[in-house]
Every structure is written in structure tokens, then in C-alpha cells.
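Okay, everyone, thanks for coming. Let me put the structure up, and then we'll talk about aromatic rings.

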Amino acid sequence: MRTSELLRSSVFPALVVLAIFGAIFGAVGQAMAFDDKVFDDKTGVKPQSSPWAVFQFGFSAYKNGHKEQAAEAYKYAAENGQIGATWKLARMYAEGDGVARDDYEAFKFFSEIVDQDVEPGSPEESYVSDALVALGDYLRKGIPGSPVTENEVAAQEYYMRAAANYRNPNAQFEMGQMFLKGEGGVKASVKQAGRWFQLAAEKGHAGAQATLGHLLFQSGKIVRGLAMMTAALERASPADQPWIRGMQEEAFATAGEADRRTAISLADDILTKGGNADQ
């Protein structure tokens, strides 16, 4: 190797390391100065702090593992109109993340977000969209030991708002399930269910892709349906893999050898190029 090349190969990694450390220490220095302005370890959020600045502090504290400080900062920011802080609090209570899990407390925070009725297209629409789905999930089963009782009709209304107004794929999937089973006050309709599953599947929702594939399989479109279920299984989250695998394996066992091979090939094509087998 030439001397000039050796120097370049040695100097470049060193420069990268220096740049990374410089960015880290610079960020830490900025964060410490920033923290002093809005938060005190003994008294908490300083009076008359900017809600946006406190929200930013909460985000930084959360990322660095200081979740109690983050929760306190989020509460202040939420009380002063920061919808993102309200959403973060709702999620923390729903998941028991940094605070004791409290589904009813999460429900109340999600309700506050939904009550703001942010217009579709707003930078904050994702918070409302997610909150609508969360409320639908809670109302579908109820929250034991709280005033929130099971109410499938109300759940369907929340899902519909998120699905139709904000095009939320999780809500579209839930609407598909409700039409498939005739739940939430809607009349059972495979056609309507397929429509909602298709919309969610186009956005990459693995559960919708698998369920739509299963409907196609049952309607006689063996290869296309099996391919969609197979591709969906590869894309699915760990939580969804068990039920999708059961559906896919049952269909795979009843399909002919030639159909299986063609479906596997088509599934590989779906995973490589994206999209759905029925497009």
C-alpha cells in the first residue's frame, strides 16, 4: 500500500471517531445547559418554562433513561398544550414504561388527545390517529376496575374515525375484522371486510395481508392467497407471528404441491419487490 493511501486509511477512521465524540460531548454540553433552564433536580420543572422546551427536555431525559424526570416534564408540557407530551404520557401509562401501568390513566390521556380533534393533514394527526385506535382497543374489552366498560359499538366508531379520516392501517385492519365477524354494530360482510383489509395491506400491515390472503385462499385463489399469507408471516411482528403461522400452515397443508411451489416463489417476489399478490 502506498504511503498516501496508508495515511488516508488511518486518518479517516480517526476523523470519524473524533467527529462522533465531538457530536456526543457537544450534545451533552448543550443538554446540560438546556436542563438548567427548565428543570431542577430538587424542585422539578421551573416555573414559567416554555412548554415546548420542557417537552424537548422530557424527550432527552427519556432517551437517556431518566424516565421519572421525563414523566414530570411531559405532564407539565401536556398541561400546557403540547399534544405530543400527552401522547407520550398515555403510552408510558399504557405500557408501564417508567411509571406504574395504569390503563385507565392512559385512557384519560388518549381521550384528551382525541378531544382536540386535530384536522387530517396536520403535523399532529399521527397522535390523534393512534389515540383513536388505542381508545377503540380499550372500549372493545373494557378496563377492569374502572368506569370504562366493554362497548363494541363505541370501539367501532373510534376505529372508523381513525380508518376513514386518518387512513390508519391498524384501524383499517380492525374495521376489516369487525365486518368479517359482524361486530361493533356492523352487519357481517366479507366484501366490506376485504375492502378494509386491502387498504391496510397496501400500507404494509402484515395482519391485514395475512387475513386478506386467507380470504383469497378460501375463495379459490389458492396460489395468490397462500403467497400473501407466506409473505405476511415473514413481515409480521413477533406478537402476530403465531396466529399468522397457524393460518398459513393450515392453508399450506391443504394446497397441492404445485400450488405450494408457485406460492413460495410468488411470496419471495412480493418480499423482494413489495406490494401484494392480488395487485
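So, first, how I count ring pairs: rings of Phe, Tyr and Trp (its six-membered ring) pair if their centres lie within 6.5 Å, and planes under 30 degrees apart are stacked, over 60 edge-to-face, the rest tilted. By that rule Trp52, Phe55 and Tyr74 make up one aromatic cluster.

Quick housekeeping. This is a predicted model, where local features need pLDDT of at least 70 and side-chain atom pairs count only at pLDDT 80 or more, while totals for chains, interfaces and linings use all residues. Residues are numbered from 1 along each chain as its sequence is written, and side-chain values use heavy atoms, with hydrogens and water left out.

Across the whole structure, the search turns up 7 aromatic pairs. One of them is Tyr93 with Phe109, stacked at 5.9 Å centre to centre with 25° between the planes. Tyr93 is in helix α4 and Phe109 in helix α5 (helices being DSSP runs of H or I, at least four residues, numbered from the N terminus), so this pair ties together parts 16 residues apart in sequence. Tyr93 has 11% relative accessibility, so it counts as buried (under 20% relative accessible area, 1.4 Å probe, protein chains only). Phe109 is buried too, at 12%.

Then there's Phe107 and Tyr138: ring centres 6.1 Å apart, planes at 70°, so that's edge-to-face. This pair links helix α5, which holds Phe107, to helix α6, which holds Tyr138, 31 residues apart. Both of these residues are buried.

Definitions and conventions
Helices (H or I, at least four residues) and strands (E, at least two) are DSSP runs, numbered from the N terminus. Buried means under 20% relative accessible area, exposed over 50%, partly exposed in between (1.4 Å probe, protein chains only).
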